[in-house]
Amino acid sequence: MQERSKEIQEKLATMRGWLRQSGAAMLRLRGTDWFAWATAGGSNTVLLAAETGVAEIAVTPDHAYVLTDEIEAQRLQDEEVPAGCYEWHVAPWAEPQARRALCAELAAGGTVLSDRPTAGEQALGQDMLRQRYCLLDSEIARYREVGLLAAQAMTEVMQAARPDWTEFALAGAGAEAMWARGLHPTLTLVANERRLPIYRHATPSRETLGRRAMLVFCARGYGLYANLTRFVHFAGAPDQPDFPALLEIEAAGLAACRPGVPLSDVYATLEQAYCQHGFSDGIRRHHQGGICGYLSRELVATPATDAPLAAKMAVAFNPSLPGIKLEDTFLIHDDGLENLTLDPDWPTVEHAGRQRALPLQTEAS
């Protein structure tokens with residue numbers, strides 16, 4: 001808790017710097033992403049699918065509040081937010097006007113900045129968003145933990161999978177494995193043998209897996225997202241002749257992920273790599289990923305995303321060809337990339353100086 005409290009104080013100083021620079025009177029953070037950032041990994045989530053949670057942050061030059069209601073306050077104080085970092089405004093759940101009144105009093109007619117602005121509020125500037133993308137050392141330590149836990153959950157589930165499981169069963173087992181490790185299963189995609197060559201974004205169905213299957217995780221812990229994709233091949237699964245080409249395409253994109261390189265350049269590098277390997281429209285079949293952190297994708301790489309990459313940013317790219325995909329979450333360092341979602345127990349091949357995940361081969365039939 002002491003480390004988290006120190007991080008929160010650093011972030012409060014950052015937020016008050018934003019107020020000074022913008023001339024705003026108050027900052028309101030409503031999203032689950034920003035709440036986790038501002039509380040050094042706390043969660044305001046109850047409904048997993050919601051963008052906003054059961055509490056928000058309000059910061060002025062002189063005060064910093066957690067705003068919530070009497071249903072949630074005690075649990076948040078006990079379990080989610082370190083003591084002594086924020087004042088608490090706890091309103092009756094049936095009186096939302098009490099929160100609005102406090103915010104109006106704190107703003108005193110001045111400008112209010114917000115991550116999810118309502119009428120009369122201003123959106124956060126791009127420089128503020130990009131500052132969040134660069135992680136503190138304490139955030140990186142938590143990210144490493146989340147990445148490993150997500151990868152271990154994936155390994156456990158794919159080792160247990162059987163060809164007669166339904167896609168629903170594989171997705172459910174994935175969600176269970178994430179919950180068992182304290183991770184939010186914000187996304188579990190599954191594609192079986194039939195659907196793999198057809199759909200790049202395959203939500204689970206009632207069909208059985210057959211001879212091969214893909215499982216995709218977006219696992220959230222401490223508000224941070226670990227994104228990874230893995231395949232399992234059962235007895236009799238066909239070879240994937242395009243896999244070497246995909247390794248080359250991914251390697252080109254990852255090699256471009258260096259401090260100072262615009263995200264649009266990574267997109268262009270991937271586009272060129274697809275073309276070089278005979279897949280001229282490959283980049284159009286699915287988004288390629290981008291910067292991640294407190295969102296599964298903070299910023300997706302496109303020809304227009306000129307935001308520069310920097311050390312201590314996390315990225316997750318997912319280049320794909322029909323029936324195959326590669327995806328892990330990496331941390332950018334000045335001297336290369338660190339794979340946050342690599343489980344030592346998963347089979348890999350060394351390619352371009354990195355261990356890349358192979359399909360898990362099992363004799364189950």
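This report describes a sheet, two helix contacts and two backbone outliers in a predicted model.

## The sheet

The model contains an open sheet of 6 strands with mixed pairing, in the order β4-β3-β2-β1-β5-β6. Its edge strands are β4, covering 87-91, and β6, covering 122-123, and each of these pairs on one side only. Helix α4, residues 97-107, packs on the sheet and touches β1, β2, β3 (64-69), β4 and β5 (112-114). The direction of α4 makes about 165° with that of β3. In general, the strands of a sheet pair through backbone hydrogen bonds, in either a parallel or an antiparallel sense.

## Strand β2 and its neighbours

Strand β2 stands between β3 and β1 in the sheet order. With β1 (residues 26-31), strand β2 (residues 52-59) pairs in the antiparallel sense over 4 bridges. Two bridge partners can be named on this side: T52 of β2 is the partner of G31, and A58 of β2 is the partner of R28.

Strands β2 and β3 also run antiparallel and are joined by 4 bridges. Here L67 in β3 is the bridge partner of E56. The connection from β2 to β3 is a hairpin through 4 residues. As for solvent exposure, β2 is mostly covered, with 6 of its 8 residues buried.

## Helices α8 and α9

Helix α8 spans residues 243-255 and helix α9 spans residues 263-276; their axes come within 8 Å and cross at roughly 160°. Because an angle over 145 degrees counts as roughly antiparallel, α8 is roughly antiparallel to α9. The crossing of these two helices is right-handed.

On the α8 side, the residues in contact are I249, A252 and G253. They meet V266, T269, L270, A273 and Y274 of α9. By residue class, the contact of α8 with α9 comprises 6 nonpolar residues, 2 polar ones and no charged ones.

## Helices α1 and α6

A second helix contact involves α1, residues 2-22, and α6, residues 137-160. The axes of α1 and α6 come within 10 Å and cross at roughly 130°, which makes α1 oblique to α6. Helix α1 contributes E3, R4, E7 and K11 to the contact, and helix α6 contributes S138, E139 and R142. The contact of α1 with α6 has no nonpolar residues, 1 polar residue and 6 charged residues.

## Residues with positive phi

Most residues other than glycine have a negative phi. Two exceptions are described here. A40 is not a glycine, yet has a positive phi of about 55°. The residue lies in the loop between α2 (32-38) and β2. A40 counts as buried because its relative accessibility is 1%, and the limit for that class is under 20%.

Y222 likewise is not a glycine and has a positive phi of about 55°. The position of Y222 is in the loop between β8 (212-221) and β9 (224-233). With a relative accessibility of 34%, Y222 counts as partly exposed.

Notes
Residues are numbered from 1 along each chain as its sequence is written. This is a predicted model: local features need pLDDT of at least 70, side-chain atom pairs count only at pLDDT 80 or more; totals for chains, interfaces and linings use all residues. Side-chain values use heavy atoms; hydrogens and water are left out. Two strands pair if DSSP finds at least two bridges between them. Contact means heavy atoms within 4.5 Å. Axes are lines fitted to C-alpha atoms, for helices over the stretch in contact, and angles run from 0 to 180 degrees between N-to-C directions. Angles under 35 degrees count as roughly parallel, over 145 as roughly antiparallel, 65 to 115 as roughly perpendicular and the rest as oblique. A crossing is left-handed if the near helix is turned anticlockwise from the far one by less than a right angle, and right-handed if clockwise. Ala, Val, Leu, Ile, Met, Phe, Trp, Tyr, Cys and Pro count as nonpolar, Asp, Glu, Lys and Arg as charged, and the others, Gly among them, as polar. Buried means under 20% relative accessible area, exposed over 50%, partly exposed in between (1.4 Å probe, protein chains only).
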